[in-house]
There are 2 protein chains.
Amino acid sequence: MARTQGSRAEITGPLVRDAARRLFARHGYAAVSMRQIAAEVGLQVGALYAYTPDKQALLADLLRSHMEELLAAWQDDPARPALDRLQAFLRFHIQTSLERPEAVFLSYMELRNLEADNRAEIAALRRRYEDALEAILIAGMTQGSMRVPDSRLAAMALIAMLTGITNWYREGGRLDQDRVAAVYWEMVRGAVGA
Amino acid sequence: MARTQGSRAEITGPLVRDAARRLFARHGYAAVSMRQIAAEVGLQVGALYAYTPDKQALLADLLRSHMEELLAAWQDDPARPALDRLQAFLRFHIQTSLERPEAVFLSYMELRNLEADNRAEIAALRRRYEDALEAILIAGMTQGSMRVPDSRLAAMALIAMLTGITNWYREGGRLDQDRVAAVYWEMVRGAVGA
DNA sequence: GTCTATAAACGGATAGAC
DNA sequence: GTCTATCCGTTTATAGAC
C-alpha cells in the first residue's frame, strides 16, 4: 500500500515545476516570487524548498529538462531524402512548440537569468538542436535538393521563424495546427530553394 | 547663456532612458531596480522620479517611443514593384534591429510586464508594423510577383525570422550586416515564391 | 534637480514544531 | 512534507532640505 506522504511528494514535485513554468513564462523569472509559486500549488513558501535548493535551480531544471526532452524526442533518419527530413523537423518543431509553448518561451527568454555555468550548459543543448537542423540542410545541398546561401544562418532563420508561431498561435483560432504546418512548409521549401 | 540646471536636465533625461533600456534588455524589467538605473547614470534613486512618475511608465515610454520611431522611419512607396518594396523592408528591418537590438528585444519581451492599457497601446503599434509588411505581400500577389499561402502568416513568419538575427549577430563576427542581409534576402525571396 | 532619510511592503531563505 | 514564524536585505516611492 502506498505511503500517503510519499505518494503526495511524487505528485507535488511536478506540480511545483508546472506552476513555476507557467508563472515564469507569463511574468518573467525575476517578477515571480517563491510565495506566488507556493500559492499556485496550495503550499506555504517553506515547503517549496523540499523540492528545490533555491529559485535559480528551479529555473535551470525547467530549461534543462525541456531541452533534453526535445533532443530525446527528435528522431532523424539520415538515410531518408533531406527534404523529407526537413519536413519532419518542421512538423516536430511546430508540434512540440505548440504543446509546450511556456517551456519554449522560457528556454529562449530566461537564459540570461541563469548563472554562468547553468547558462553554458543550456546553451550547449540548444546548440545541439540547431546543429540537428543544419545537418539536414547540409545533406540537402549535397544531394542537390536544396540550395541555401549559408547553412548556419539558414538553420537559425528557420528556427526563429518556426518558434515565432508560439507568439500568435491560439488554440481554436483561424487555422489549426496542421494547416499552419502546411503553410509554413510551403514557405520553408521556398526558403531552402527546393 | 544656457542655464546649468536646465541644460543638465535635457541631458540627464535621455541618459536615464538609455540606462534603463540597456539594463532592462540585459536583465529583464523585473530584475532591474531603480537603484541600479540611478547608479548607472550617477544619480541617487530619488532623482529618477524627476524623469518618470514610476518604473512602469519608464518601460512603457521606451517601448512606445521605439515603435513610433520605427513606424516614422519606415518609408514605403506603394507605386514601386512589390519585390523592391519587400527588399527595402528587409534591409530596413535588419538595419534598425541591429542598430537598436536592446529596444527590439524589449519590445518583444517585456510587453507582458505592462499594465493592460499600456500593453494594448504598444500591441496596436506593433500590429501597424506587421500590417505594413503584409500590405507588401498582398501587393506582390496581386502583381503576380509573389505567391504566399497566407499573407498574414507570411508576414508574421518573415518578421520572426528577421528579428531572430538579433539573437546571434555579433559586430565583427563571421558576416557583416550587408552579407547577412544578402543571405536573408535570398531566403525571403524563396519563401514568398519569387 | 539632486540629495539624504525614511516609510511600508516584499524578496529569498531558514528554523523548529508537528 | 508541510506549517508557522522570522531573519534580514532589498524594493518602490515619497518627504523635505538645499
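**View 1. The surface near DNA strand C, by residue class and by contributing helix.** In this predicted model, the surface near DNA strand C has 7 nonpolar, 4 polar and 4 charged residues, where Ala, Val, Leu, Ile, Met, Phe, Trp, Tyr, Cys and Pro count as nonpolar, Asp, Glu, Lys and Arg as charged, and the others, Gly among them, as polar. A residue is taken as near a strand if one of its heavy atoms lies within 4 Å of it, and of the 15 residues around DNA strand C, Met34(A), Arg35(A), Lys55(A), Gln44(B) and Tyr51(B) come nearest. H1(B) gives the most to this surface, with 3 residues; helices here are DSSP runs (H or I, at least four residues), numbered from the N terminus.

**View 2. Phosphate contacts of DNA strand C.** Of the atoms of DNA strand C within 4 Å of the protein, 77% belong to sugar or phosphate, and the rest to bases. Phosphate oxygens of this strand lie 2.8 Å from a polar backbone atom of Met34(A) and 3.4 Å from a polar backbone atom of Val32(A), while a polar side-chain atom of Thr12(B) is 3.5 Å from a phosphate oxygen.

**View 3. The surface near DNA strand D and its phosphate contacts.** Around DNA strand D there are 17 residues, of which Gln44(A), Tyr51(A), Met34(B), Arg35(B) and Lys55(B) come nearest. Sugar and phosphate account for 72% of the atoms of DNA strand D that come within 4 Å of the protein. An N or O atom in the side chain of Tyr51(A) is 2.5 Å from a phosphate oxygen of this strand, a polar backbone atom of Met34(B) is 2.9 Å from one, and a polar side-chain atom of Tyr49(B) is 3.0 Å from one. The largest share of this surface, 3 residues, comes from H1(A), and its residues divide into 7 nonpolar, 5 polar and 5 charged.

**View 4. Helices H5 and H7 of chain A.** The axes of H5(A) (residues 82-99) and H7(A) (residues 116-143), which are lines fitted to C-alpha atoms over the stretch in contact with angles running from 0 to 180 degrees between N-to-C directions, come within 8 Å and cross at roughly 155°. The two helices are therefore roughly antiparallel to each other, a term used for angles over 145 degrees. Contact (heavy atoms within 4.5 Å) involves residues including Phe89(A) and Phe92(A) of H5(A) and Leu133(A) and Ile136(A) of H7(A).

**Notes.** Residues are numbered from 1 along each chain as its sequence is written, and chains are lettered from A in the order in which they are written. Local features need pLDDT of at least 70, side-chain atom pairs count only at pLDDT 80 or more, and totals for chains, interfaces and linings use all residues, with side-chain values using heavy atoms and leaving out hydrogens and water.

Note on methods
Angles under 35 degrees count as roughly parallel, over 145 as roughly antiparallel, 65 to 115 as roughly perpendicular and the rest as oblique. A polar contact is a pair of N or O atoms within 3.5 Å; within protein, one must be able to donate a hydrogen and the other to accept it, and residues adjacent in sequence count only if both atoms are side-chain atoms.
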